[in-house]
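Please work through the following exercises with the sequence and the model side by side, and try each task before reading its solution.

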Amino acid sequence: MVTETFCAEETFELGRSLGEQAKPGDIYTLNGDLGVGKTVFSQGLAKGLGIAEPISSPTFTIVQVYEEGRLPFYHFDVYRIGDAEEMEEIGYQDYFYGNGVCLIEWADLIREILPEKVIPVLIEKDLEKGFDYRKITVGIEEVYE
C-alpha cells in the first residue's frame, strides 16, 4: 500500500488507522531519513492502540513500553545501536515475540535479528511535491531488498 500525505496530520492519521487494525505480535519496521515524520507516524500508531500518554522517540533509551492501550506498545529507536548484540542486552526477543505491537525506527540497522514476518513502513520526502509531502509505503517487502 502506498499513501501520499501532504501534512503531519495526515501522516498521524495513517499511523492511527494502522494502530486500530494492529493485532498482537505485529511488528512494524519504520525507516526514513531524519525529519521525515517517523515520530508523527509513531504517535498516530500509538493513538490507534488507545494510548493517551505522550509518545516521543526513545532515541537514548532504545525502547519505550506503553501498556495502557488495548495492546501493549513497544516503541524502539535503534539509531544509536552499534550492533545487533546490543539488542540482546535489552531483551528484544521478549518484545518481538510477545503479545504486544512493536514499532522499530531505523529497523534496517538490525535487519539480521528481525523476525521473518514484519510489516515494513518506509516514509520518503519529495520536496518537488511540497515541504510537507510524504510518500508512505506500507507492507511491501521490496522496501528491505
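**Exercise 1: a hairpin and its sheet**

Strand 3 (residues 63-66) and strand 4 (residues 73-77) run antiparallel and are joined by 4 bridges. This is a predicted model, in which local features need pLDDT of at least 70 and side-chain atom pairs count only at pLDDT 80 or more, while totals for chains, interfaces and linings use all residues. Residues are numbered from 1 along each chain as its sequence is written, and side-chain values use heavy atoms, with hydrogens and water left out.

Task: find the bridge partner of Q64 in strand 4, then place strand 3 and strand 4 in the sheet.

Solution. Begin with the terms: helices (H or I, at least four residues) and strands (E, at least two) are DSSP runs numbered from the N terminus, and two strands pair if DSSP finds at least two bridges between them. Q64 has H75 as its bridge partner, and the two strands form a hairpin with 6 residues between them. Next, follow the open sheet of 7 strands, whose order is 1-7-6-2-5-4-3 and whose pairing is mixed. Its edge strands are strand 1 (2-5) and strand 3, each of which pairs on one side only.

**Exercise 2: the other edge**

Task: determine in which sense strand 1 pairs with strand 7, and which salt bridge involves E4.

Solution. Strand 1 pairs with strand 7 (residues 134-138) in the antiparallel sense over 4 bridges, and within this pairing T3 stands opposite I136. For E4, look for a salt bridge (a side-chain nitrogen of Lys or Arg within 4 Å of a carboxyl oxygen of Asp or Glu); its side chain meets that of K129 at 3.4 Å, N to O. Because E4 lies in strand 1 and K129 in the loop between strand 6 and strand 7, the pair ties together parts that are 125 residues apart in sequence.

**Exercise 3: two helices**

Task: describe how helix 1 and helix 2 are arranged.

Solution. Take the axes as lines fitted to C-alpha atoms, for helices over the stretch in contact (heavy atoms within 4.5 Å), with angles from 0 to 180 degrees between N-to-C directions. The axes of helix 1 (residues 8-21) and helix 2 (residues 38-48) come within 6 Å and cross at roughly 40 degrees. Helix 1 is therefore oblique to helix 2, given that angles under 35 degrees count as roughly parallel, over 145 as roughly antiparallel, 65 to 115 as roughly perpendicular and the rest as oblique. Among the residues that meet are F12 and L18 in helix 1 and F41 and L45 in helix 2.
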